[in-house]
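I opened the structure to look up how the chains meet and how one helix is packed. My notes are below.

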Amino acid sequence: MLRITNLHARVAGKEILKGLSLELKAGEIHAIMGPNGAGKSTLGNVLAGREGYEVTDGEVIFNGKNLLELEPEERACEGVFLAFQYPVEIPGVNNTYFLRAALNAQRKYRGEEILDSVGFLRLVREKLKILNIGDELLHRAVNEGFSGGEKKRNEIFQMAVLEPSLAILDETDSGLDIDALKTVAEGVNRLRSKDRGMIVVTHYQRLLDHIVPDRVHVLADGQLVATGGADLALKLEEQGYAWLEDGGIQTLNTDPVKQTANP
Amino acid sequence: MTGNTSTIDTLVEQKYEHGFVTDIESDTLPPGLSEDVIRGISARKKEPEWLLDWRLKAYAHWLEMEQPDWAHLNIDAIDFQDISYFSAPKSDKDRPQSLDEVDPKLLETYDKLGVPLHERARLAGVAVDAVFDSVSVGTTFKSELKKAGVIFCSFSEAVQDHPELVKKYLGSVVPQRDNFFAALNCAVFTDGSFVFIPRGVRCPMELSTYFRINAAETGQFERTLIVAEPGSHVSYLEGCTAPMRDENQLHAAVVELVALEDANIKYSTVQNWYPGDEKGVGGIYNFVTKRGDCRGARSRISWTQVETGSAITWKYPSCVLRGDDSVGEFYSVALTNNYQQADTGTKMVHIGRNTRSKIISKGISAGRGQNAYRGLVRMTPPAENARNYTQCDSMLIGKSCGAHTFPYIEVRNPSAKVEHEATTSRIGEDQLFYCLQRGISEEDAVSMIVDGFCKQVFKELPMEFAVEAKALLEVSLEGAVG
């Protein structure tokens with residue numbers, strides 16, 4: 001569903017992604033881990049089409065379309081969803097109203113019927129039930145005065161309603177205590193589906209205790225330097241990212257899954 | 001809408017001729033301002049002598065005054081001799097007595113403005129005193145209001161039918177010499193609305209007036225007077241649009257509100273005069289003096305305004321809190337786009353004890369728009385325990401616009417409390433991207449964010465107006481981003 005080939009991107013004139021390639025199939029969850037400054041958040045922003053992220057080379061094919069040619073809102077309508085690391089507050093705009101506007105914009109784009117408020121509310125109730133969360137977020141302004149946990153939960157809730165085919169979760173675990181982390185992870189797990197691909201970007205392994213990925217990639221200095229199964233994350237947790245730079249990469253790349261390299 | 005253009009053109013092109021004053025046949029006075037012109041207006045309206053004298057006195061004052069230049073505005077010189085001070089829609093010689101007699105072309109114009117008088121007004125329970133250019137052409141629901149003892153009519157009618165009330169209150173809130181444009185209005189005002197709510201009456205419906213400037217080269221000078229007797233309540237709505245035009249048009253209205261003991265006046269405005277084109281050509285000069293006098297104890301006056309139009313807005317709806325425990329409120333959204341300029345705010349003058357005032361001002365600047373909040377909170381010596389709360393927020397869209405805040409606070413009573421909060425924010429790229437990422441188009445995103453920003457003010461508007469105001473902001477912001 002998503003094929004990224006040799007992606008190069010710059011932010012403020014500085015090259016951040018330096019030839020990243022990745023293939024994600026529908027139904028898979030890939031984790032992208034890496035040290036700070038490796039380009040993890042840049043990847044999400046580039047895929048979502050944020051202004052200021054300049055692609056200088058490479059290609060991104062999403063469901064057969066050249067993603068990089070589309071406007072940010074078109075990408076969203078095509079089914080790309082970015083769960084933000086720091087969801088922004090929009091004072092005075094009701095959360096439910098916002099989400100309905102988003103859903104209907106997407107439905108319109110896809111030539112589907114606009115949902116009226118009754119139909120929308122029914123959908124919302126259903127999704128709240130699936131995620132096992134209360135409706136207290138519905139009546140407030142978008143993220144306004146939300147706690148860190150509430151903001152992240154709201155992102156997952158939006159994802160549930162918008163039903164994207166590709167979800168990118170940008171450091172969804174950051175700033176969450178363990179209970180909030182569990183709630184959010186549970187939500188994500190409930191939204192796993194054979195039609196949906198997910199990219200989980202995280203610095204720490206702990207999120208992956210709760211969301212078990214199919215593949216783990218290590219991003220360092222703008223490239224994927226290692227790829228493995230879920231246990232790669234454990235190894236990173238154990239040994240830290242410094243280990244990568246000390247030659248661990250080569251070892252891993254020869255046998256990404258089982259090699260027990262000990263530098 | 002264009003049916004009478006040629007007639008007006010002809011009239012405008014006419015050379016000034018002495019004796020035109022007696023020429024009752026002509027519908028538009030040639031451009032120019034003089035005592036004769038004022039006598040002409042007064043004669044056309046068959047006004048009593050005292051009112052003509054009052055006008056002439058104001059004119060004498062005006063001649064001695066100078067146009068103020070303290071506002072944060074660039075105003076091209078106005079040639080007051082180049083303005084025609086009276087025009088009436090071309091129709092029969094006699095004014096229409098009911099809507100059925102109104103020129104269908106006129107009704108069509110109202111339809112285009114979204115003011116289908118008889119239908120929507122009835123459905124919405126709104127009485128409409130529609131002003132087209134300078135003469136009122138239709139008033140609905142008069143009889144229902146009459147039952148309640150409410151007087152709601154054009155200013156001209158009030159002069160004929162209720163001279164004692166007009167005489168008593170006219171100029172009692174905004175004196176003739178108050179300012180340059182108020183003085184001008186006193187001299188040449190043509191029409192407007194008059195509202196009188198008798199003691200203890202709660203007005204059974206929202207009163208609404210739609211204004212519109214149409215005839216070419218005609219300044220419009222409305223005069224509105226609302227008197228709420230002890231214990232009465234009234235909500236008054238004023239809204240307007242103006243068609244596309246090139247020349248600057250002067251609009252200098254005066255609104256006076258009088259609230260006696262325990263009376264409550266809510267005055268809401270949606271102002272959408274033609275703002276000029278995107279290069280700053282044309283547009284209305286909107287220089288308005290609005291003031292409410294909380295004359296009685298426990299009275300309350302609340303101004304709500306949504307200002308999206310006009311090339312230049314110069315407007316400070318104010319409250320004089322004379323009565324003990326009286327309350328003044330000001331809720332404002334002012335939006336400037338392209339080359340629009342606004343210098344607007346309020347004055348809260350606390351005189352009575354325990355008087356309270358609240359100011360919520362939201363300024364939005366886009367394009368090359370300049371938006372200034374100018375507010376005065378004055379606590380005079382007798383204003384024991386008076387309180388004011390001011391919140392003044394500005395939002396900038398784009399990089400070439402400006403927001404300015406000029407709060408004046410004068411406290412002459414140590415027991416007074418004044419709070420002032422102000423914020424300025426740029427419409428966040430983060431907010432915008434967040435919306436885009438959810439599939440919402442840029443234009444929708446901007447109007448959504450702006451709407452949220454204005455919520456505190458919109459919720460003060462009557463339901464119908466709130467919807468209209470939101471739509472107006474959307475239209476006014478078209479092309480503001482990107």
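The entries that follow cover the chain contact first and then one helix of chain A.

Entry 1, the contact between chains. I am working from a predicted model. I find 22 residues from chain A and 19 residues from chain B in the contact. On the side of chain A that touches chain B, helix H2 (72–78), strand S7 (90–94), helix H3 (95–109) and helix H5 (148–162) each supply at least two residues. H3(A) gives the most, with five residues. I sorted the residues of this side of chain A by class and got 16 nonpolar, three polar and three charged.

Entry 2, H5(A). I looked up its length: H5(A) has 15 residues and spans 21 Å from first C-alpha to last, close to the 21 Å expected at 1.5 Å a residue. Of its 15 residues, 11 are buried, so H5(A) is largely enclosed by the rest of the structure. Charged names appear in the buried list too, which includes A:Lys151, A:Lys152, A:Arg153 and A:Glu155. The buried residues of H5(A) pack against strand S6 (80–83), H3, helix H4 (117–131), strand S9 (166–170) and helix H6 (178–190) of chain A. After H5(A) comes A:Glu163, with a positive phi near 45°.

Entry 3, H4(A) against H5(A). I note that their axes come within 10 Å and cross at roughly 125°. The two helices are therefore oblique to each other, and their crossing is right-handed. H4(A) makes the contact with A:Leu123, A:Val124, A:Lys127, A:Ile130 and A:Leu131, and H5(A) with A:Ile156, A:Phe157, A:Ala160 and A:Val161. By class I have eight nonpolar, no polar and one charged residues there.

Key:
Residues are numbered from 1 along each chain as its sequence is written. Chains are lettered from A and ligands numbered from 1 in the order in which they are written. This is a predicted model: local features need pLDDT of at least 70, side-chain atom pairs count only at pLDDT 80 or more; totals for chains, interfaces and linings use all residues. Two residues are in contact if their C-beta atoms, placed from the backbone, lie within 7 Å. Helices (H or I, at least four residues) and strands (E, at least two) are DSSP runs, numbered from the N terminus. The expected span of a helix is 1.5 Å times one less than its number of residues. A residue is buried if 20 or more other C-beta atoms lie within 10 Å of its own, exposed if 12 or fewer, and partly exposed in between; C-beta atoms are placed from the backbone. Axes are lines fitted to C-alpha atoms, for helices over the stretch in contact, and angles run from 0 to 180 degrees between N-to-C directions. Angles under 35 degrees count as roughly parallel, over 145 as roughly antiparallel, 65 to 115 as roughly perpendicular and the rest as oblique. A crossing is left-handed if the near helix is turned anticlockwise from the far one by less than a right angle, and right-handed if clockwise.
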